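Got the viewer open? Let's walk through this one selection at a time, with a short stop at each place.

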Amino acid sequence: ADIRNIVNEAALWAARQEKSKVDMADFDYSRDKVLMGAKREEVLSEKEKEKTAYHEAGHTLVAWKSCDSNRVHKVTIIPRGRALGSTQIVPSEDRLSMSESELRGQLIVTLGGRAAESLIYQETTVGAENDLERATSIARRMVTHWGMSERLGAVSYKISDEDPFLGREIHRQRMFSEHTMELIDEEVAKILHGAALEAGKLLTEHRDQLEKLTKALLESEELNEDEITELIGPPIHETKADPSV
């Protein structure tokens, strides 16, 4: 449905620009509008804009420095929908599965924005709420669905299933003890704490590049992959693949 909406929106946008054909710029515009919502008209205060820039730069830099992260396509601090900014991370190829190391890498990137706020301001904002929800959901599935906890082992502890027709979770009777539930909570917290520490470590090591990205975002509000590369060099997965880089 998203793909069809993106194509339709791209065609409409190209027509409004009086173009004879749809090009990649039209698809880029329509993808942003469909996936993130229309641009919001209100103007952020300078302080809000700066915090948003550090937050998104944090996501971007952690992804850039992580071997297990996908490509950063674009980062923006233009408010859209409910978000004040966004870092678009896309896979370089179609994926049907993910390894534990890739999931942990995804968690580190997801918590990168919050880690940047903590590093710069010694506190975080409510803007990290969605990041925490997504990270917690991934970590809990790692423990309860995919057996990725050494302490609990290769056992499924699912207490809900997703209904493919209704698009919601259907809860079922819990088949394990309250003590096991406490262990699950501890393991989820341990995974998230480790990811947050790793994100903070990466940003501290590359503080100068975090500042570069933030400054560039404040000036232009949006950076694509080529512009990020020009600012801080190629992403680590490219340098690992080609030692001459």
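Pick Val72 and look across to β2: the residue standing opposite is Ile89. Keep in mind as you click around that this is a predicted model.

Now widen the selection to both strands. β1 and β2 are paired in the antiparallel sense, and five bridges hold that pairing. On to β5: strand β1, residues 71-76, is joined to β5 by three bridges, and these two run antiparallel as well. If you want one pair to label there, take Lys74, whose bridge partner in β5 is Asn224.

Show the three strands together. What is the strand order of this open sheet? Reading across, you get β2-β1-β5, with antiparallel pairing. The edges are β2 (86-90) and β5 (222-224), each of which pairs on one side only. Ignoring direction, neighbouring strands in this sheet are turned by 15 degrees against each other on average.

Next, add helix α8, residues 207-220. Helix α8 packs on the sheet, where it touches β1 and β5, and its direction makes about 120 degrees with that of β5.

Stay around β1 for a moment and turn on side chains for Arg71 and Glu225. They form a salt bridge, with the closest N and O atoms 2.6 Å apart. Arg71 sits in strand β1 while Glu225 belongs to helix α9 (residues 225-232), so this pair ties together parts that are 154 residues apart in sequence. Is each partner buried or partly exposed? Arg71 is partly exposed, at a relative accessible area of 27%, whereas Glu225 is buried, at 16%.

There are ten salt bridges in the count, so let's visit a couple of others.

Select Arg151 and Glu187. Their side chains meet in a salt bridge at 3.7 Å, N to O. Arg151 lies in the loop between α6 (129-144) and β3 (160-163), and Glu187 lies in helix α7 (residues 178-205), so the pair ties together parts that are 36 residues apart in sequence. Glu187 is buried, with a relative accessible area of 7%. Add Glu186 to the selection too: Arg151, Glu186 and Glu187 are linked in a network of salt bridges.

For a pair within one helix, go to Lys47 and Glu50. The side chains meet in a salt bridge, 3.6 Å from N to O. Both residues lie in helix α3, three residues apart, about one turn of the helix. Check the surface here: Glu50 is partly exposed, with a relative accessible area of 26%, and Lys47 is partly exposed too, with 48%.

Last stop: keep α3 (residues 46-64) on screen and bring in helix α4 (residues 100-110). At what angle do their axes cross? The crossing is at roughly 150 degrees, and the axes come within 8 Å. That makes α3 roughly antiparallel to α4, because the cut-off for that label is an angle over 145.

To see what touches what, show His59, Val62 and Ala63 on α3 together with Ile108, Val109 and Thr110 on α4, the residues that make the contact. Colour them by type and you'll find four nonpolar, two polar and no charged residues in this contact of α3 with α4.

Conventions. Residues numbered from 1 in each chain as written. Predicted model: local features only at pLDDT ≥ 70, side-chain atom pairs only at ≥ 80, totals over all residues. Heavy atoms only, no water. Axes fitted to C-alpha atoms, helices over the stretch in contact; angles between N-to-C directions. Helix = DSSP H or I, 4+ residues; strand = E, 2+ residues; numbered from the N terminus. Parallel < 35°, antiparallel > 145°, perpendicular 65-115°, else oblique. Contact = heavy atoms within 4.5 Å. Nonpolar A, V, L, I, M, F, W, Y, C, P; charged D, E, K, R; others polar. Pairing = 2+ DSSP bridges. Salt bridge = Lys/Arg side-chain N within 4 Å of Asp/Glu carboxyl O. Buried < 20%, exposed > 50% of the residue type's maximum accessible area, 1.4 Å probe, protein only.
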